[in-house]
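Dear colleague,

Please find below the structure I am handing over to you. My findings on its cavities and on the packing of its helices follow directly after it.

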Amino acid sequence: MDKQNISVGLDIGTTKIVAMIGRKNEYDKVEILGLGKAKSMGVHRGVVNNITQTIQSIQQAVQEAEAAAGEKIVDVTVGIAGQHIRSLQHSDYITRPNSDLVIDEDDIDRLINQVHKLVMLPGEEIIHVLPQEFKIDGQAEITEPIGMYGGRLEANFHVVVGQVSSIRNVGRCIKSAGLNLEGITLEPLASANAVLSREEKEAGVALIDIGGGTTDLAVFKDGIIRHTAVIPFGGNVITEDIKEGCSIIEKQAELLKVKFGSAWPGENKDNEIVSIPGLRGREPKEITLKNLSKIIHARVVEIVEQVYVEIKNYGHEEQKKKLIGGIVLTGGGAQLKHLKQLVEYITGMDTRIGYPNEHLAGDSDEDIASPLFATAVGLVMDGLKRQERKKVEAIEEEVIEAVEEDQTPEPEMEVREEAPIKERRSFLDKLTERVKDFLDNAE
């Protein structure tokens, strides 16, 4: 099988680590060849806090995926999230030395590099700089400035910031697990690619990815990402509350939540009772489902309200920024019964559960098309996109080399026209290289 066309997504979560192997089929859909998952031992709220345990969990997930696909995994695309991620809005401008020339890639790169010089808190680094709209000589709402004339190029940016040490720790785990870090992607962006349609991103939509340790938010409008946030609560705090409230062990609390949990207390009658075996010869415990859903409801309301505050911070109540597509819920926490109704009740916005099946091949396993694996599917898609970009760049380089070798004394203008436009490398590609360099030098 052609190694080039295979991509591996590695989702390092708080509760589980997922390795997913996929490739594009002839219909341009993603075909999942293998899936491996392991209990995540060394991660807390999306941040690695025990390198050895994390490496073991990664190796376990990778081995399982390799066995399922019959493929050896070398390169992986990894997602970063966690409570250290924050975002801000920033405006910046450059004055062009020669306004008689049209704006090109270099001008935009210069503007983006200027944003990277922003002073951050100690230990923080800019991960993503995403241009929103551009302004040329005061003319606003320009989405593609390349090829236009102008002296002053201005833009609004969405800047995502994270702790560089946390990113390096993830890189360290991957390298120690015998893998090669091919790319880094922000997890809310990966989930969004997997579950949102282009129409939703245009209309305006908020993606809420409820994981085990964190809840990620990504807001899109007019096809552009407008706001991201990571809330340091997820499914684990609900399990913790059930454990404390019902005086049972964690394993039982998690089972209760998954099997009988509901986010809406009115659904359960008072006489519905679950009996839980007692510990080592003790009497079994009886828990009413109404009490269980009251405990879950209280915590879910808190998480949803925090997310809603972030949606309001984006400015959802302004007419121009209205999110017509409403809310899309994904991640393992989205499987909680009656969550959709509760979110609609609190926010007053249309809500649906996001399944990553839009980009998957038709014959995919139902389990893979679960909200649980949205991030992993998004990471596989991101890896495939990165490979396609590399192929295009390789072809371009061959073309340029061929042009350079053919030293015919023809006018230079023709050569310039022949050379294809290079796609701008995203900062995450550069960050990946920097993390790789750091790990190589740390050896």
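I begin with the lining of the second largest cavity, which consists of I208, I210, T215, I303, V304, V307, L329 and V343. Two elements, β12 (205–210) and α8, each give two or more residues to this lining. The largest share comes from α8, with 3 residues. Sorted by class, the lining has 7 nonpolar residues and 1 polar residue, and no charged ones. The space in this second largest cavity amounts to about 40 Å³. Please bear in mind throughout that the model is predicted.

In total, the structure contains 2 cavities of 30 Å³ or more. The volume of the largest is about 60 Å³. Around the largest cavity lie I210, I238, V300, I303, V304, G333, L336 and L339. Helix α8, which spans residues 289–314, again gives the most to the lining, with 3 residues. The class make-up of the lining of the largest cavity is 7 nonpolar, 1 polar and no charged residues. I210, I303 and V304 are named in the lining of the largest cavity and also in that of the second largest.

Helix α8 also takes part in a helix pair. It packs with helix α9 (residues 339–347) at an angle of about 50 degrees, and the two axes are 10 Å apart. The helices α8 and α9 are therefore oblique to each other. Their crossing is right-handed. On the α8 side, the contact is made by H297, V300, V301, V304, E305 and Y308, and on the α9 side by L339, L342, V343, I346 and T347. By class, this contact of α8 with α9 comprises 8 nonpolar, 2 polar and 1 charged residues. Several of these residues link the helix pair to the cavities: V300, V304 and L339 are among those lining the largest cavity, while V304 and V343 are among those lining the second largest.

A further pair is formed by helix α6 (residues 235–246) and helix α7 (residues 250–260), whose axes come within 8 Å and cross at roughly 115 degrees. That angle makes α6 roughly perpendicular to α7. The crossing of α6 and α7 is right-handed. From α6, the residues in contact are G235, I238, T239, E240, I242 and K243; from α7, they are E250, A253, E254, L256 and K257. The classes in the contact of α6 with α7 are 4 nonpolar, 2 polar and 5 charged residues. I238, which belongs to this contact, is also one of the residues lining the largest cavity.

The remaining pair to report is helix α4 (residues 187–195) with helix α10 (residues 374–405). These two pack at an angle of about 90 degrees, with their axes 7 Å apart. Helices α4 and α10 are therefore roughly perpendicular to each other. In α4, the residues E187, A190, S191, N193, A194 and V195 meet A374, T375, V377, G378, L379, M381 and K385 in α10. The residues of this contact divide into 7 nonpolar, 4 polar and 2 charged.

To draw the main points together, both cavity linings have 7 nonpolar residues, 1 polar residue and no charged residues. Helix α8 gives 3 residues to the lining of the largest cavity and 3 to that of the second largest, and it packs obliquely with α9.

With kind regards

Definitions and conventions. Residues are numbered from 1 along each chain as its sequence is written. This is a predicted model: local features need pLDDT of at least 70, side-chain atom pairs count only at pLDDT 80 or more; totals for chains, interfaces and linings use all residues. Side-chain values use heavy atoms; hydrogens and water are left out. On a 1 Å grid over the protein atoms alone, a cavity is a set of points where a 1.4 Å probe fits but cannot get out, and a pocket is an open set with protein on both sides within 12 Å along at least five of seven lines; lining residues have an atom within 4 Å of a point. Grid points are joined across faces, edges and corners, and a volume is the space filled by probe spheres set on the points. Helices (H or I, at least four residues) and strands (E, at least two) are DSSP runs, numbered from the N terminus. Ala, Val, Leu, Ile, Met, Phe, Trp, Tyr, Cys and Pro count as nonpolar, Asp, Glu, Lys and Arg as charged, and the others, Gly among them, as polar. Axes are lines fitted to C-alpha atoms, for helices over the stretch in contact, and angles run from 0 to 180 degrees between N-to-C directions. Angles under 35 degrees count as roughly parallel, over 145 as roughly antiparallel, 65 to 115 as roughly perpendicular and the rest as oblique. A crossing is left-handed if the near helix is turned anticlockwise from the far one by less than a right angle, and right-handed if clockwise. Contact means heavy atoms within 4.5 Å.
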